[in-house]
Amino acid sequence: MAVYLNTDSSYEDFRMLRNDIFFVDKSAIIEKISRQINTKNRFICITKPRRFGKTSVLNMLGAYYGKAVCAKGLFDGLNISKSRYYDQHRNQYNIVKITFSELSGKGKAYSNYIGRFSRIIENDIRQAYPALADMEFDSLPDLLAASGDKFIFIIDEWDYIFSHELYKENQLDFLEWIRDMLKDRPYVALAYMTGVLPVKQYSTGSALNMFDEYTMLNDAYYDEFFGFTEDETAMLCSKQSGISMDEISDWYDGYQTDGGGRLYNPRSVVMALNRGKCQSYWTRTGRLDEVLFFLKYNIGEVREDTVKMVNHMPVRIEILDEYTAGQDSPSNKKEIYAAMIIYGLLSYHDGVLSIPNRELMLEFQKALEDDDFDYVAELVKNSMHILNATLEQRGDEAASYLHNIHNSEIPVLQYNDENSLACVVTLAYLSARNKYRIEREEKSGKGFADFIFYPRQKNLPGMVMELKADDTPQAAVRQIKDKEYCEKLRREKVEKILLVGISYDTKKKEHQCMIEYINEEE
């Protein structure tokens, strides 16, 4: 029985996906990929973060192109069925499907690992072409060529041995094995390969220079097919009533297409809609997926940028080179950020780095609590204290805590203006993100409130916070009332609202804080 050649595995996997209530039609990518079949551009490598739908698209391609099972019933009504090329390529090809995360059970050596793939493909070909069963061939490519047929190769997790640091001494041999099987072979109608790590480091000489790569840093052609667009996410939200689009956006928005369109993390969106609850579904499957793993390489340089990003301040940096398979551990700030972009831990658009969404913000918050971050870790760990002091209207204690942060060793917090004070507040109330949705400079009433805290739990009060440099906290509270900054909280039927006025005297370097509940008539 065939294992890799013309099996029904892709069909069955896509059929289950197609039957899911939260299915998103990405089949328009098929028309784009079909244009590359039997051309010089027939080698495609898609590298995106985990959970961005790479395997789902790969199985869809296998179901559509493969001749193992007629898939017309699965694709009728999808976007690809509107294409004039719909029937031309559907179920017309031999498919060789390989997943490189499959390890050999016969030994841990590289020879066992790669030998298993060679052996299985050879057995599948000999079974499918009886005339070749007893013939001798010098290599697997010679056997494939002798079939006289064309094949589409779909390869999942091509970078598995790199991301899991396996067979380090044989990684170049592995690349040569792929190259030897695919490059300049007339039997290759299409080679479609996916993974997390790009291969560009090996794009010269005898390596995989035949592949066109599409990565998180360089993809203006296929980017909308990996991740859910805003319209697709809204469509999924409309299929249930438990979670609003605003909640989904708050948690999982934050990536962008090359053209600026919004992209959402597919797995997290579907998990939230299935379970009826937004939370972090960022599952860690290895050390390369942890925020802290990268930050620890260069804490001194990245610490200040991390504080800025947590404060939603732009971090402008030019990142041209990508973090690639087989590359040594990142050694400088740009390499660290390139790696984090590739893994989806940071988003990067128009030269600006940012933390994509609330889900990832929680990961960065955990990272900042690590002792290696010194005084930043201590501030974050104690940030729940200032929230409790604020909720209990202990203004002097809140002011004291803000004073300690503002006079810390963090350079970005040492400027004597309201923007710096806003950064201090954001860092001070970092833990409050678990209980509040915090909006900065939000339009409400007759102006823009510095901070509005929207409670995630009904038993918590909402909060409106106004900051003043070289003024009084009383003036800040008065401005909240005069400009009706509580309007948005009232519109969301928040019953109790705390008004928080914070001032900073730039000469005396002192903070003051006034906290009071607003009266119903105000």
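Helix axes are lines fitted to C-alpha atoms over the stretch in contact, and angles run from 0 to 180 degrees between N-to-C directions. Helices (H or I, at least four residues) and strands (E, at least two) are DSSP runs, numbered from the N terminus. This is a predicted model: local features need pLDDT of at least 70, side-chain atom pairs count only at pLDDT 80 or more, and totals for chains, interfaces and linings use all residues. Residues are numbered from 1 along each chain as its sequence is written, and side-chain values use heavy atoms, with hydrogens and water left out.

**Exercise 1.** Find how helix 11 and helix 16 pack, and which residues make the contact.

*Solution.*
- Start with the geometry: helix 11 (residues 245-252) and helix 16 (residues 358-368) pack at an angle of about 35°, their axes 5 Å apart.
- Next, look for contact (heavy atoms within 4.5 Å). Helix 11 supplies Asp250, Trp251 and Tyr252, while helix 16 supplies Arg358, Glu359 and Leu362.
- Finally, sort these residues: three are nonpolar, none is polar and three are charged.

**Exercise 2.** Work out the strand order of the open sheet that includes strand 9.

*Solution.*
- Strands pair if DSSP finds at least two bridges between them.
- Strand 9 and strand 11 (residues 352-354) are antiparallel and joined by two bridges. Here arginine 316 lies opposite valine 352 of strand 11.
- The order of the three strands is 9-11-10, with antiparallel pairing.
- At the edges are strand 9 (315-316) and strand 10 (347-349), each pairing on one side only.

**Exercise 3.** Trace the partners of strand 14, and decide why it is largely enclosed.

*Solution.*
- Strand 13 (residues 447-455) pairs with strand 14 in the antiparallel sense over three bridges. A hairpin through six residues joins strand 13 to strand 14, and phenylalanine 451 stands opposite methionine 465.
- With strand 15 (residues 497-505), strand 14 pairs in the parallel sense over eight bridges. Leucine 467 has isoleucine 502 as its bridge partner there.
- Buried means under 20% relative accessible area, exposed over 50%, and partly exposed in between (1.4 Å probe, protein chains only). Seven of the eight residues of strand 14 (residues 462-469) are buried, so the rest of the structure largely encloses it.

**Exercise 4.** Pick out the best-connected members of the largest nonpolar core.

*Solution.*
- A nonpolar core is a set of buried Ala, Val, Leu, Ile, Met, Phe, Trp, Tyr and Cys residues joined through side-chain atoms within 4.5 Å.
- The largest has 113 residues; among those touching the most other members are Trp158, Met181 and Leu353.
- Beyond its neighbours within four places in sequence, methionine 181 contacts residues including Ile98, Leu140, Phe153 and Val188.

Notes. Nonpolar A, V, L, I, M, F, W, Y, C, P; charged D, E, K, R; others polar.
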